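Here is a short walk through a protein chain, written to be read with the structure open beside you. Take a moment to look it over before reading on.

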Amino acid sequence: MAKPEDIDSLNVKIRGQNQPAGEVTAMTFRLADIAVVPGQEGAVLAYLQQHFRDISTLVPLPDPIVGKRRKAAGNDKNDAGADPRQPAYFVLRDGELLQQKLVAAGLAMVLPGGQADQPMRIDVAGLTRQMAITALTNTEAHARQNHKGMWAGAGQVAAQSKPEARYFYAANHDAALPENAAGDAAPLALDAIGAYGVIGGVLRSVEIQQYRAYLNFGQDWRRDFTVAFDRDQMADIAASGFGLSAWVGHRVLVRGVIENRGGPYVAPQNLASLCVERE
């Protein structure tokens, strides 16, 4: 693997099983299921440049979005709108994931990619992809609770002259609001329309309609937070044997873009973007 020159692409030379001896193919990969937030790029690049030699195993993931675009283009080459980088997990010599190291330090947040909630028989350091995402989510929660890196100011009220990036929001006033190192409460989802982040709160009720299900985090839908599942996600939840009503009273975390649908609202990209905490 070449020394990283930026955080957006990791260049690796791979020798295929059917290639002549000595012949290698250069490929470009990106870190699967995490995202580096603005302001952390320098620290992440420094970490990669210091530790890239510790990478022992590369685990590429299928990218259905790129595949669909290639098929639509009618050839094997990427069209102008496709991301040429293949998502991958990087396993370090100590057996841990590179992604998990970055998340633990508060240098990146979990961002499950396309079809992350679909069954995939991929061995990532002895884990399935779903297990790897769960481990990343738990690591992120620990980093957030300990105010690491990007989470150090997650709840601070910034001065208007210097807006602060925030990545954790409370579903409503009744939520158990985590505090930052300065003792400030997390901002509300209501005040973060258009932002991407992790939103947490206690689920109050569930409304199931024919084509959509709504998770409500308060009594006033105009102000309180709502999560919406589409028909396919409802079917996946039903197939798993879980009942949405059983989640009521539990603390729920969801990640996504906060929209305004008569109140703050997230339609998660996939079920891997949602976590229901156990009692």
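Two strands count as paired if DSSP finds at least two bridges between them. With that in hand, note that this is a predicted model, and start with one pair: strand 8 (residues 196–202) and strand 12 (residues 251–257) run antiparallel and are joined by seven bridges. If you would like one bridge to click on, Ile199 has Val254 in strand 12 as its partner.

**The chain as a whole**

The chain contains five helices and 15 strands. Of its 279 residues, 41% are buried. Among the contacts with a separation of 6 or more, 66% are between residues 24 or more positions apart.

**The four-stranded sheet**

The pair you have just seen belongs to an open sheet of four strands, ordered 7-8-12-15, with mixed pairing. Strand 7 (168–170) and strand 15 (274–276) are at the edges with a single partner strand each, so each has one side without a neighbour in the sheet. From one strand to the next, the twist averages 20°. As general background, strands of a sheet pair through backbone hydrogen bonds, either parallel or antiparallel.

A helix also meets this sheet. Helix 4 (residues 129–145) lies across strand 7, strand 8 and strand 12, and runs at about 95° to strand 12.

**The five-stranded sheet**

A second stop is an open sheet of five strands in the order 9-10-11-14-13, again with mixed pairing. Here strand 9 and strand 13 (259–260) stand at the edges; each has a single partner strand, so one side of each is left without a neighbour in the sheet.

Strand 10 (residues 212–216) is a good place to linger. How many of its five residues are buried? Four are, which leaves strand 10 mostly covered. Strand 9 (residues 205–208) runs antiparallel to strand 10, with four bridges between them, and the two form a hairpin with three residues between them. Strand 11 (residues 226–230) is also antiparallel to strand 10, joined by five bridges.

Asn216 can be followed in both directions: Asn216 is the bridge partner of Ser205, and Asn216 also stands opposite Thr226 in strand 11. Ala213 has Phe229 of strand 11 as its bridge partner. Helix 5 (residues 231–240) lies across strand 9, strand 10 and strand 11, at about 85° to strand 11.

**Helix 1 and its two sides**

In helix 1 (residues 41–51), the residues Val44, Tyr47 and Leu48 are buried. Looking down the axis of helix 1, the buried residues fall within an arc of 95°, so they line one face of the helix. Gly42 and Gln50, on the other side of helix 1, are exposed. The general rule is that an α-helix has 3.6 residues a turn, so residues three or four places apart point the same way.

**A cavity**

The structure has one cavity of 30 Å³ or more, and the largest cavity holds about 40 Å³ of space. Which residues line the largest cavity? They are Val110, Pro112, Thr137, Leu253, Arg255, Ala272, Ser273, Leu274 and Cys275. Strand 12 and strand 15 each supply at least two residues of this lining.

Val110 leads to another part of the chain. Ala35 and Val110 are 75 residues apart in sequence, yet 6.3 Å apart in space from C-alpha to C-alpha. Ala35 sits in strand 3 (residues 34–35). Beyond its neighbours within four places in sequence, Ala35 is in contact with Ala108, Met109 and Leu111.

**Two residues with positive phi**

Finally, two residues other than glycine have a positive phi: Asp33 and His147. Here they are side by side.

| Residue | Phi | Loop | Relative accessible area |
|---|---|---|---|
| Asp33 | near 65° | between strand 2 (25–31) and strand 3 | 3% |
| His147 | about 60° | between helix 4 and strand 7 | 26% |

Are these two residues buried or partly exposed? With the cut-off for buried set at under 20% relative accessible area, Asp33 is buried at 3%, whereas His147 is partly exposed at 26%.

Notes
Residues are numbered from 1 along each chain as its sequence is written. This is a predicted model: local features need pLDDT of at least 70, side-chain atom pairs count only at pLDDT 80 or more; totals for chains, interfaces and linings use all residues. Side-chain values use heavy atoms; hydrogens and water are left out. Axes are lines fitted to C-alpha atoms, for helices over the stretch in contact, and angles run from 0 to 180 degrees between N-to-C directions. Contact means heavy atoms within 4.5 Å. Buried means under 20% relative accessible area, exposed over 50%, partly exposed in between (1.4 Å probe, protein chains only). The arc is that of the directions from the helix axis to the C-beta atoms. On a 1 Å grid over the protein atoms alone, a cavity is a set of points where a 1.4 Å probe fits but cannot get out, and a pocket is an open set with protein on both sides within 12 Å along at least five of seven lines; lining residues have an atom within 4 Å of a point. Grid points are joined across faces, edges and corners, and a volume is the space filled by probe spheres set on the points.
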